[in-house]
Amino acid sequence: MSQIISVNVSQSYNISISYNDLSSLVDFLKNSNFVKKLFIISDTNVCLLHLQTLLRYIEKTNYSYSIYCFEAGEQSKSKEVLFDIYDFLIENQADRKTPLVAFGGGVVGDVASFAASTFMRGMPLIHVPTTVVSQTDSSIGGKTAINHTKGKNLIGTFYQPNAVFIDTKFLDTLSDEEFFNAFSEIIKYGVIMDRQLFSFLETHIEDVLKRDAKTISDIIYDCAKDKSLIVQKDEKEASLRAILNFGHTLAHAIEAFFEYKKYTHPQAVSIGEVFAAKLSINLGLIGENTFIRIKNLLEKFNLPTKIDNIDPDELIKIMQHDKKTKGGILEFILTKDIGEAIIANDIEYSLLIKTIRELQ
Ligand code: NAD
């Protein structure tokens, strides 16, 4: 049995969420008008762990398939891997009616969907995400990307998939670190728009930490729903979608300061979220109690909540040069209450310095 979320955007599609069951993918393929030939793009880890599972389902359809697995890791969001994918598609006679399946985490999703959006000006795209990040975030919303040596995600398109199939059983093989780090982004949904999810995490923390299957599936469903609500209202990040950047302004600066070596992205986001919450206190938007709830929940997942001893002026300078910063004016996503976000871009320099210092 799967749960379905409909995403109503320029090309509407369904997200199907299940546990240990991809039969909805089988039904979808059988009922589609695609040329009956699938192009599966994945990475070495996912191929090793889960390709056989995916193929068991695909073999229930009358599709033939070709598989391309690239080396796992962020470095594969590159023009080299992208062009290897184009070569693979050309050699195997892909065309505008043959679907591409992005099977893996956010890296696979981003590069494979960029390839799908550009190959012959667009081929059908199906996401089968296998990490917490990809199931709750990157497979939904149509952002595709590769990295440039000058910056992450600098080259990309908006391209909606034809369908997303989330099977939360795939998550069982993620390490605890990979799995729980991603909760900084899950807590983000709670803080910016989903008070119920936030309380659920607080009250079910033991089941979450045990990685109880039903609890995790419920959480993934809530996040997928939250993300789709946002992208429905703002498909191309004109305004509202910016609230998904809660915690990210400082996170990007911290990641850049440590040259992407000290913290993973979700860990840096955790520090950024505590900073955004502290800034919200200092602006009188929330009380100390709300701040403590956010910080405590992040700490339950062993996520960092202190800012390193970095010169605050330097951190602010890095933030001002971030690619998401428009004209040097810093924009922060703040919270008025658990479940409510606001966008602020006129915060006094001295308050930023004070807030950073308070968390060091
Ligand atoms: P990832 O794809 O690198 O996956 C993390 C690691 O887990 C990899 O080594 C991968 O091989 C492995 N893996 C994948 N599935 C597994 C499984 N089921 N069991 C065991 N190991 C598994 O990273 P990620 O965290 O999934 O995604 C991060 C990427 O997503 C970044 O490049 C980021 O920019 C991008 N992203 C994109 C969007 C978007 O809207 N397009 C949103 C958020 C993040």
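Select Lys143 and the ligand together in this predicted model, and look for the place where a nitrogen atom of the ligand sits 3.0 Å from a polar backbone atom of Lys143. Taken alone, the ligand exposes 860 Å², and the protein buries 84% of that. Next add Val107, which also takes part through its backbone, one of its polar backbone atoms being 3.0 Å from an oxygen atom of the ligand. Then show the side chain of Lys77, where an N or O atom lies 2.8 Å from an oxygen atom of the ligand.

Now widen the selection to the whole shell, in which 25 residues surround the ligand, the closest being Asp43, Glu74, Thr130, Thr131 and Thr173. If you colour this shell by class, you should find seven nonpolar, nine polar and nine charged residues. Which elements supply at least two residues each? They are helix H2 (44–58), helix H4 (106–118), helix H5 (132–138) and strand S8 (151–158), and the largest share, four residues, comes from H2.

Leave the ligand and select helix H3, residues 79–91. With 13 residues at 1.5 Å a residue, H3 should span 18 Å, and its end C-alpha atoms are indeed 18 Å apart, so the expected and modelled values agree. Show the side chains of Val81, Leu82, Ile85, Tyr86, Phe88 and Leu89, which are the buried residues of H3. Viewed down the axis of H3, these buried residues fall within an arc of 160 degrees, and they therefore line one face of the helix. An α-helix has 3.6 residues a turn, so residues three or four places apart point the same way. Turning to the other side of H3, you will find Lys79, Ile90 and Glu91 exposed.

For a second helix, select H8, residues 195–203, and pick out its buried residues Leu197, Phe198 and Leu201. Down the axis of H8 the buried residues fall within an arc of 100 degrees, so here too they line one face of the helix. The face of H8 turned away from this buried side carries Gln196 and Thr203, which are exposed.

Finish at Glu59, in the loop between H2 and strand S4 (64–70). Is Glu59 buried or exposed? Its relative accessibility is 51%, and because the cut-off for exposed is over 50%, Glu59 counts as exposed. Add Glu288 to the selection and measure between the C-alpha atoms: Glu59 and Glu288 are 229 residues apart in sequence and 56 Å apart in space.

Terms used. Residues numbered from 1 in each chain as written. Predicted model: local features only at pLDDT ≥ 70, side-chain atom pairs only at ≥ 80, totals over all residues. Heavy atoms only, no water. Near = heavy atom within 4 Å. Polar contact = N/O pair within 3.5 Å; in protein donor to acceptor, adjacent residues only side chain to side chain. Areas by Shrake-Rupley, 256 points an atom, 1.4 Å probe, with all protein chains shown as cover. Nonpolar A, V, L, I, M, F, W, Y, C, P; charged D, E, K, R; others polar. Expected span 1.5 Å × (residues − 1). Buried < 20%, exposed > 50% of the residue type's maximum accessible area, 1.4 Å probe, protein only. Arc of directions from axis to C-beta.
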